[in-house]
Amino acid sequence: MRPRLRALETRAYENMTGVGMANPPGQDAGCSCAFSSIPWDEEGNCKEMCLLQAEPLEEGLFYVDYDMEQLRRYRSSEMLGNTFRKVEAYGQLLHGEVKEPFLREPF
């Protein structure tokens, strides 16, 4: 589904790491994919971060090469990753209690 693909691309960007997802094919499913974390080329021009996206009903084995040296250079000079994270603010996210509006009846 398109929102999940965009979220996965965003996680790759925010965490400065390549991300891949393998799904079984099907309607509103499939779309196995891989994303780079590098949103621009070495001249500063925006580039496509999607390295692979299968069709919803497409079956197969898909391969993507990640340039680890390029990723290391990118991570050493950019501001994302954990550069400005405020880990002391994560306590509520790590707490097991579920509150409104996220309460759900068990299945």
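A pocket is an open set of grid points with protein on both sides within 12 Å along at least five of seven lines. In this predicted model, the largest pocket holds about 200 Å³ of space, and 21 residues line it, among which Met21, Ala22, Ser32, Leu52 and Phe62 are the closest to its centre. The lining of this pocket divides into 13 nonpolar, five polar and three charged residues. Strands E1 (19-21) and E2 each supply at least two residues of the lining, and E1 gives the most, with three residues.

Strand E1 also contains Gly20. Because its relative accessible area is 56%, and exposed residues are those over 50%, Gly20 counts as exposed. When residues up to four places away in sequence are not counted, Gly20 touches Cys33, Ala34 and Tyr66. The C-alpha atoms of Gly20 and Cys33 are 5.6 Å apart in space, while the two residues are 13 apart in sequence.

In soluble globular proteins, nonpolar side chains tend to be buried together. The largest nonpolar core of the model comprises eight residues, namely Leu5, Leu8, Ala12, Val19, Cys31, Cys33, Phe35 and Cys50. Two elements, helix H1 (2-15) and strand E2 (33-35), give two or more residues to this core, and H1 gives the most, with three residues. Cys33 thus appears both in the list of core residues and among the residues touched by Gly20.

Phe35, a member of the same core, has contacts beyond its neighbours within four places in sequence, and these are with Leu5, Arg6, Leu8, Glu9, Ala12, Gly18, Val19, Met49, Cys50, Leu51 and Tyr66. Among these partners, Leu5, Leu8, Ala12, Val19 and Cys50 are likewise listed in the core, whereas the contacts of Phe35 also include the charged residues Arg6 and Glu9.

Glu9 lies in helix H1 and, because its relative accessibility is 16% and the cut-off for burial is under 20%, this residue counts as buried. The side chain of Glu9 makes a polar contact with the side chain of Arg6, at 3.3 Å. With residues up to four places away in sequence left out, Glu9 touches Phe35, Glu48, Met49 and Cys50, and of these residues Phe35 and Cys50 are listed in the largest nonpolar core.

Notes: Residues are numbered from 1 along each chain as its sequence is written. This is a predicted model: local features need pLDDT of at least 70, side-chain atom pairs count only at pLDDT 80 or more; totals for chains, interfaces and linings use all residues. Side-chain values use heavy atoms; hydrogens and water are left out. A nonpolar core is a set of buried Ala, Val, Leu, Ile, Met, Phe, Trp, Tyr and Cys residues joined through side-chain atoms within 4.5 Å. Buried means under 20% relative accessible area, exposed over 50%, partly exposed in between (1.4 Å probe, protein chains only). Helices (H or I, at least four residues) and strands (E, at least two) are DSSP runs, numbered from the N terminus. Contact means heavy atoms within 4.5 Å. On a 1 Å grid over the protein atoms alone, a cavity is a set of points where a 1.4 Å probe fits but cannot get out, and a pocket is an open set with protein on both sides within 12 Å along at least five of seven lines; lining residues have an atom within 4 Å of a point. Grid points are joined across faces, edges and corners, and a volume is the space filled by probe spheres set on the points. A polar contact is a pair of N or O atoms within 3.5 Å; within protein, one must be able to donate a hydrogen and the other to accept it, and residues adjacent in sequence count only if both atoms are side-chain atoms.
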